[in-house]
Amino acid sequence: FMKKYFALILILILLFCSGCNTKVYTATETFFIMDTVVTISADCDGEVIKEAFELCKYYDNLLSRTKECSDIYKINNSDDYVTVDEETVQLIKKAIYYCDLSEGRFDITICPVSCLYDFKSNTLPKEEDIKKALEKVDYKRIEIDKNRVRLKDGELDLGAIAKGYITDKVTE
């Protein structure tokens, strides 16, 4: 009887303690990057958070589709090959892997369609505009030659994969 009682008490203690989250972070910073509000909290000094933020800015400048200095912007605004950073090539290759894996359900060339949506005014695009934009969506048209990338008549948007990639890099 005592063993059963002890086991029950031990289980209750473990259940109560496992639900406790008493972790207090020593540094927290919130900023807006890649069209997303990002909060980094860690048990560290503020300098580490600043370095993490700088790393986020670096990748935003590399992978953003809207910043003119980024590799993705340059690819989207050229019909010719664009020389890009090795990390950009590796991320595009990984994204293509997921495009293949999902049989095109995930497609990093979705930008012509996603840009039709106005999320601020909650207006939906016209069906004929969507159909026309879908003609430009096909990840198989991405051409990679070493560290040069080309996409004719389409646009890349790595937002769906880049944020996870950046998170992994910051965590490292």
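**A tour of two pockets and a surface patch**

In this predicted model, begin by selecting α7, which supplies five residues, the largest share, to the lining of the second largest pocket. Helix α7 spans residues 159-171, and β2, at 36-42, is the other element that gives two or more residues to the lining of the second largest pocket.

Next, select the full lining of the second largest pocket, which consists of Ile33, Met34, Thr36, Val38, Ile40, Cys56, Lys163, Ile166, Thr167, Val170 and Thr171. Colouring these residues by class gives seven nonpolar, three polar and one charged, and the space that lies in the second largest pocket comes to about 210 Å³.

Keep Lys163 selected as you move on, since Lys163 lines the second largest pocket and is also among the residues nearest the centre of the largest pocket, together with Asp35, Arg65, Asp157 and Gly159. The largest pocket has a volume of about 320 Å³, and its lining is made up of 15 residues, which divide by class into seven nonpolar, four polar and four charged.

For the last stop, turn to the surface and select Leu116, Tyr117, Phe119 and Leu124, which together make a nonpolar patch of about 440 Å². Within this group, centre the view on Leu116, which sits in the loop between α5 (111-114) and α6 (127-134). Is Leu116 buried, partly exposed or exposed? Leu116 counts as partly exposed, because its relative accessible area is 30%, a value that falls between the 20% under which a residue is called buried and the 50% over which a residue is called exposed.

Terms used: Residues numbered from 1 in each chain as written. Predicted model: local features only at pLDDT ≥ 70, side-chain atom pairs only at ≥ 80, totals over all residues. Heavy atoms only, no water. Patch = residues over 30% accessible without salt bridge, like charges linked within 9 Å, V, L, I, M, F, W, Y side chains within 5 Å. Areas by Shrake-Rupley, 256 points an atom, 1.4 Å probe, with all protein chains shown as cover. Salt bridge = Lys/Arg side-chain N within 4 Å of Asp/Glu carboxyl O. Helix = DSSP H or I, 4+ residues; strand = E, 2+ residues; numbered from the N terminus. Buried < 20%, exposed > 50% of the residue type's maximum accessible area, 1.4 Å probe, protein only. 1 Å grid on protein atoms, 1.4 Å probe; cavity = no way out; pocket = protein on both sides within 12 Å on 5 of 7 lines; lining within 4 Å. Points joined across faces, edges and corners; volume = space filled by probe spheres on them. Nonpolar A, V, L, I, M, F, W, Y, C, P; charged D, E, K, R; others polar.
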